[in-house]
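User: Could you take a close look at one part of this model for me? I would like a connected walk through one strand and its surroundings.

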Amino acid sequence: MAKIQILGSAAAEAIPAIFCNCRVCREAWKNGGKDMRLRAAYKINDHVRIDFGPDSIAQEYRYQLHSENLKHLFITHNHEDHWVTDLLHYRMPGFSVVDETNILNIYGNQGVIRELFKFFWNKRTFNGDWKKFRLNPVVLESFKPVVLEEEDMEFYPLNADHMIGIPGEFPQFFVFRTGSSWAMVANDTGYFREETWQFLEGKKFKFDLVITDCTGGLLDNERGHMSGKYVLMTKERLEKIGSVTSSTQYYINHFSHNGKATHAELEANYNPHGIQVCYDGLTIEY
């Protein structure tokens with residue numbers, strides 16, 4: 001049995017969004033609980049996470065994450081709500097006590113790793129020495145697996161429909177195995193790119209858990225992010241190729257206040273289709 005914890009369930013602005021007085025944000029302030037959302041990120045186990053955004057310290061304290069144990073950090077793409085490099089500077093001696101053998105592997109596409117290099121080259125303390133910070137950057141190649149033998153895990157980065165047309169940016173999402181369990185976490189993607197569908201059809205994964213993007217809430221968004229009928233179309237196509245069955249736990253995540261829905265309204269819209277709604281702190285066993 002594998003598990004994943006939802007460290008955040010919001011899009012870039014969070015909910016309630018800063019400076020905002022829309023209905024969804026007012027309801028979040030009033031309701032609290034599941035309507036209060038930090039930026040999306042995931043803990044798979046004590047050693048492995050997906051994304052590292054601006055709420056990382058708040059999530060560290062709220063969920064007692066103990067990031068000193070983190071060994072593998074997978075980043076989906078180079079947007080500030082998913083990838084904040086500043087905190088990694090504090091892995092150097094003098095800021096924190098990190099054993100020389102405690103290496104944090106950072107996996108991401110070219111844009112993600114470029115942003116990491118850019119940040120550290122602006123620091124006079126760097127000089128190209130990743131060992132000083134106990135970091136190991138790894139560029140991911142789409143559809144090529146990364147095996148974490150000590151974790152009994154395997155990650156496949158897949159192409160997302162996001163940031164299309166921006167030079168040097170290749171957003172990805174992840175299919176991964178933990179033991180004998182398979183999961184997909186697909187945030188910040190529209191309806192999947194055709195090469196991704198072809199890969200999924202060829203691999204014939206049998207998912208125990210799927211978490212897909214629903215940034216637009218009740219709206220019908222297809223490109224960049226997805227929501228509405230495109231969430232349903234994605235589930236239907238995954239069912240058609242046999243990757244989603246009646247035993248698959250199916251969730252949506254990464255919500256914007258611009259999607260015009262509270263948590264209860266999202267549940268009312270998607271639960272009848274066999275789709276559950278993520279919230280901050282939710283732990284899913286699969």
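**Strand E5 and its sheet**

Analyst: Happy to. This is a predicted model, and a good place to start is a single pairing: Phe74 has Tyr107 of strand E5 as its bridge partner. Strand E5 covers residues 104–108, and the strand that reaches it through this pairing is E4, residues 72–74. E4 and E5 run parallel and are joined by 3 bridges.

Now turn to the strand E6, residues 135–139. E5 and E6 also run parallel, and here 5 bridges join them. If you would like a residue pair to click on, Leu104 stands opposite Leu135 in E6.

How covered is E5 itself? Of its 5 residues, 5 are buried. Looking at the side chains, Leu104, Ile106 and Gly108 point one way, while Asn105 and Tyr107 point the other way, and all are buried. Tyr107, the partner of Phe74, thus belongs to the set that it shares with Asn105.

Helix H3 is part of these surroundings. Made of residues 110–121, H3 packs on the sheet and touches E5 and E6, and its direction makes about 145° with that of E6.

Stepping back, E5 sits in an open sheet of 7 strands, in the order E6-E5-E4-E3-E2-E1-E14, with mixed pairing. The edge strands are E6 and E14 (283–285), each of which pairs on one side only. From one strand to the next, the twist averages 20°.

At the E14 end of that order, the partner is E1, residues 3–8. E1 and E14 run antiparallel and are joined by 3 bridges; Lys3 stands opposite Glu285 in E14. Another helix, H2 (residues 56–63), lies across E1, E2 (41–45) and E3 (48–50), running at about 125° to E1.

One last stop, away from strand pairing, is the cysteines. With a cut-off of 2.5 Å between sulfur atoms, the count comes to 0 disulfides. Cys22 is in no disulfide, as the nearest cysteine sulfur, that of Cys20, is 3.6 Å away. Cys22 is partly exposed, with a relative accessible area of 22%. Cys214 is in no disulfide either, and the nearest cysteine sulfur, that of Cys278, is 10 Å away. Cys214 is buried, its relative accessible area being 0%.

To return to your strand: E5 has parallel bridges to E4 and to E6, has contact with H3, and has 5 of its 5 residues buried.

Note on methods: Residues numbered from 1 in each chain as written. Predicted model: local features only at pLDDT ≥ 70, side-chain atom pairs only at ≥ 80, totals over all residues. Heavy atoms only, no water. Buried < 20%, exposed > 50% of the residue type's maximum accessible area, 1.4 Å probe, protein only. Helix = DSSP H or I, 4+ residues; strand = E, 2+ residues; numbered from the N terminus. Pairing = 2+ DSSP bridges. Axes fitted to C-alpha atoms, helices over the stretch in contact; angles between N-to-C directions. Contact = heavy atoms within 4.5 Å.
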